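Me: I want to learn how to read features off a model. Take me through some, one at a time.

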Amino acid sequence: MDEFIKKKLLNLYPSKLVVSLHQSQPSLYNQVISRAKEKGLSPKDYLDSLGFEWRRKQSISKSFEDIKIQNEELIKEINDLLIERFPNKKIPRFSAIPSSINNLILKVCREENVKRAALIRKLGFNVATSGGTYDIAAMKKLNEDFSCNQSTMARWFNVSREAIRQKLTNNANSTANWVVEDLDEQGYSILNNLLMNGEFSYKKDDTVFEIFNNKDKKMAIFYKCLDKVSVLFEPPKKIRDILILKGYHQYTQEELKLIETLKEHIVYDNYTRVKDNELQTKIRTASTRREMSVDTFTEFLGYRRLHPNKVTGTELKETLKKYVVEGNTIHIPCDNPFHYNMANRASRAGYPSLEAFVKSFGFEYTSYYKEYMYQRNLNIFKEEIKRYIVKGNKVYIKSHDPIYVRLHNFAFKRGLKLNEVIADLGYQRVFLEDLPEGFIPYDWRSEYKFTVGEETEDRYIELLKQYLIEESSNKVYIYTGDPIYSRLYDIAVRKNMVVNELLKQWGYERYYRPQLDPSQAPYDWRMDLEQDVENDENNILIDREDRLEKLKDIQSALEVIKINEQRIKRSRLLANELKKFYEYKCQICDYEGDCIPLIEMTNGSCYVEVHHIRKISEWLEIKEEEESLDSYLNVICLCAHHHKVVHYGDGGYNQLNFDEENGLHFLSKNGDVLKVMTNYHLQAEGMDNKDIIPEEVLVLEEELDIWSEEMYEAWAKTNTPTMTR
């Protein structure tokens, strides 16, 4: 068989150079392959044993300068077509040559026995991928050590991924050397732009720049400009330091963007809370790639993660610091949503009041109610004080003017000075010597209303004996906040006098310096004063003696009468559990806006009442509905104010309705609407029969929400709730 094959080959290739045997003699080629396998040799080695040299294609060893073109007409046509396609005579790759032109080139190659690359160079064109362009060792290192995939490399050189794969897997010879120690000036410029934008790659025209890192925190840079390729596997110190500073040694481009985005979600220190669903998805996806949990991945990015729907004690303390008004004192305005959230937390955590809860964080608390009442009562004077304006914000108020007395008392009760209150009203007080020439002050006497009759003068002369400093003296000490002072003031005004002149007329001399504390004065008027401390609107004080006289006139003897009546026993357990369920808060009050002040009891809870929407007294008439009247579906938790409003306001609010405009609300007999602001259990026609879940429930990590469990355990004995919040 070997001699037969040798004889055949000698007839075909007398030069003993076997070329393209598989194309010219397929049957003989198959015999060679079979015989080589039988001997355990490669086809090339088998032919070598027979004395032949095997080449798959004939190689043209002569250089392109030695090529002599015979078909000049066809060559000219090819040259014109290539120039039209590639005017700069740079061909990015062989596959970029259109098939129509490529077929003409291959035709010439067959006729002239030349290689395509040599022919194209002969025509003056340069193919970017021809001869010595690739540094296979550098490409393999980028691929294996820095996870640079073949598709990325293919984009660098505008070739197919398959072309890159063949070069990496076929151990192709490489004459190029890409590895350098530093970048040129243009390379540094591109690097700076990437660092400023937090990016890893740049590609424009014939320029490519890529930064790589690996799990060992090593870095590499690939830089290609036109035909020049540079790779830095050991960047110089100045480049390495700035890359490490910017995080390029351990993060991906996506992770660097997440680091910047999370800065906008910092709650305090380096703690972040992410509520945005899209951003949460990005973080989860990136953490999965790193095979980390979301918490671990967030720490890897340099942050600490807070749960989207939970607030830690540390975070609350940081938030409370924003409300420090002075020193270590906290003030949270009642119309701030955070006030309601904190009050709710205090109740859930078992604290008797918001103040106690705030103190647990190491702060003092000033009541929002006192501030609110101060501002509300301050508004009483805003219109009235305008009468006293001299010019701009300057006001002139005589010391014996009624508004002076009221402002003085108002300031004293709050530990303030008169001028401080006037300043809070937005004005500055001036005195007589500061008035401009010709200015006529406001005459308050013309509108003054007297509260003391002329016949009472003798009575007050006698009362003043209690205010004597000493029995043998005629000096009296009367504090301006004492009710008797306002009475004396009325009498003095009627007589066109000041108080001191009146006292002198009656035989007394007023002693007022130094001012005495009321408890140290000869007579402590506070002991006998029944006064509404919140009624600063008219500031009319009624002493106990005056009222006692009226009570004496209307008193009557007690009588015993016998009354027969029926009373319906109501469930105290239902009422108590409903109050707990709503945390002793009114369902109609708007706690995020202006609301009725809470009434705190000595046991730490707030005073609320339970109202039956449909009167219990109707049970006597409609006994078949008795189960529904004392049921949780027929009761609502109300403050004392709104309980009276529901009963008596505008004819009584006796109908519970629901519509899209007002939500759940009571309707009065006259058609007025009273909205239910908080509802966890009530139902009305038109409401969706499904659970109503709050948009966000913020809880402390250590809290346990047990109110609803207690409520339903108590109610389960007699009722089955159908809707909860």
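Me: Start with surface charge. Which residues gather in a patch of negative charge on the surface?

Reply: This is a predicted model. A charge patch here joins like charges within 9 Å, taking residues that have no salt bridge. In this case Glu-181, Asp-182, Asp-184 and Glu-185 form a negative patch on the surface.

Me: Where is Asp-182 found?

Reply: In the loop between α10 (161-169) and α11 (185-197). Asp-182 has a relative accessible area of 34%, so it is partly exposed.

Me: Now to opposite charges. How many salt bridges does the structure hold?

Reply: The general idea comes first. Side chains of opposite charge can pair when their charged atoms come close. The cut-off for a salt bridge is a nitrogen to oxygen distance within 4 Å. The structure holds 19 salt bridges.

Me: Give me one inside a helix. What does Glu-162 form a salt bridge with?

Reply: Its partner is Arg-165, with the closest N and O atoms 2.5 Å apart.

Me: How are Glu-162 and Arg-165 placed in helix α10?

Reply: An α-helix has 3.6 residues a turn, so residues three or four places apart point the same way. Glu-162 and Arg-165 are three residues apart in α10, which means about one helical turn separates them. Glu-162 is partly exposed, at 33% relative accessibility. Arg-165 is partly exposed too, with a relative accessible area of 30%.

Me: Which residue of helix α26 forms a salt bridge with Lys-580?

Reply: Glu-577. The closest N and O atoms of this pair are 3.8 Å apart. Helix α26 covers residues 572-581, and the two partners sit three residues apart in it, about one helical turn.

Me: Are Lys-580 and Glu-577 buried or exposed?

Reply: Read them one by one. Buried means under 20% relative accessible area. Glu-577 is at 8%, so it counts as buried. Lys-580 is partly exposed, with a relative accessible area of 27%. Salt bridges can also be chained through shared partners: Asp-2, Arg-35, Glu-38 and Lys-39 are joined into one network that way.

Me: Which side chain meets Arg-304 in a salt bridge?

Reply: That of Glu-299, at 3.6 Å from N to O. Arg-304 counts as partly exposed at 37% relative accessibility. Glu-299 is partly exposed as well, with a relative accessible area of 48%.

Me: Next, helix length. What should the 12 residues of helix α20 span?

Reply: The rule is 1.5 Å times one less than the number of residues. For α20 (residues 402-413) that gives 16 Å. The end C-alpha atoms are 17 Å apart, which agrees.

Me: How many residues of α20 are buried?

Reply: Nine of the 12, so read this helix as mostly covered. Among the buried residues are Pro-402, Ile-403, Tyr-404 and Val-405. Arg-406 and Asn-409 are also on that list.

Me: Back to the surface. Which residues make a nonpolar patch there?

Reply: Ile-599, Met-601 and Tyr-607 make one of about 260 Å². Tyr-607 lies in the loop between α26 and β21 (609-612). Its relative accessible area is 34%, which makes Tyr-607 partly exposed.

Me: Now backbone angles. What is phi of Tyr-584?

Reply: Look at the sign, then at the residue type. Phi of Tyr-584 is near 55 degrees, a positive value in a residue other than glycine. Tyr-584 is in the loop between α26 and β21. Tyr-584 is partly exposed, with a relative accessible area of 22%.

Me: What is phi of Asp-650, and where is its place?

Reply: Phi of Asp-650 is positive, about 50 degrees, although the residue is not a glycine. Its place is the loop between α28 (640-648) and β23 (653-659). Asp-650 counts as partly exposed at 27% relative accessibility.

Me: Last, sequence against space. How many residues apart are Asn-103 and Ile-78?

Reply: Set the two separations side by side. Asn-103 and Ile-78 are 25 residues apart in sequence, with 10.0 Å between their C-alpha atoms. Asn-103 is in helix α6 (residues 99-112). At 48% relative accessibility, Asn-103 is partly exposed.

Me: What separates the C-alpha atoms of Val-645 and Leu-674?

Reply: 9.4 Å in space, for residues 29 apart along the chain. Val-645 is in helix α28. Val-645 counts as partly exposed, at 21% relative accessibility.

Methods: Residues numbered from 1 in each chain as written. Predicted model: local features only at pLDDT ≥ 70, side-chain atom pairs only at ≥ 80, totals over all residues. Heavy atoms only, no water. Patch = residues over 30% accessible without salt bridge, like charges linked within 9 Å, V, L, I, M, F, W, Y side chains within 5 Å. Areas by Shrake-Rupley, 256 points an atom, 1.4 Å probe, with all protein chains shown as cover. Lys, Arg positive; Asp, Glu negative; His and termini not counted. Charge placed at Lys NZ, Arg CZ, Asp CG, Glu CD. Helix = DSSP H or I, 4+ residues; strand = E, 2+ residues; numbered from the N terminus. Buried < 20%, exposed > 50% of the residue type's maximum accessible area, 1.4 Å probe, protein only.
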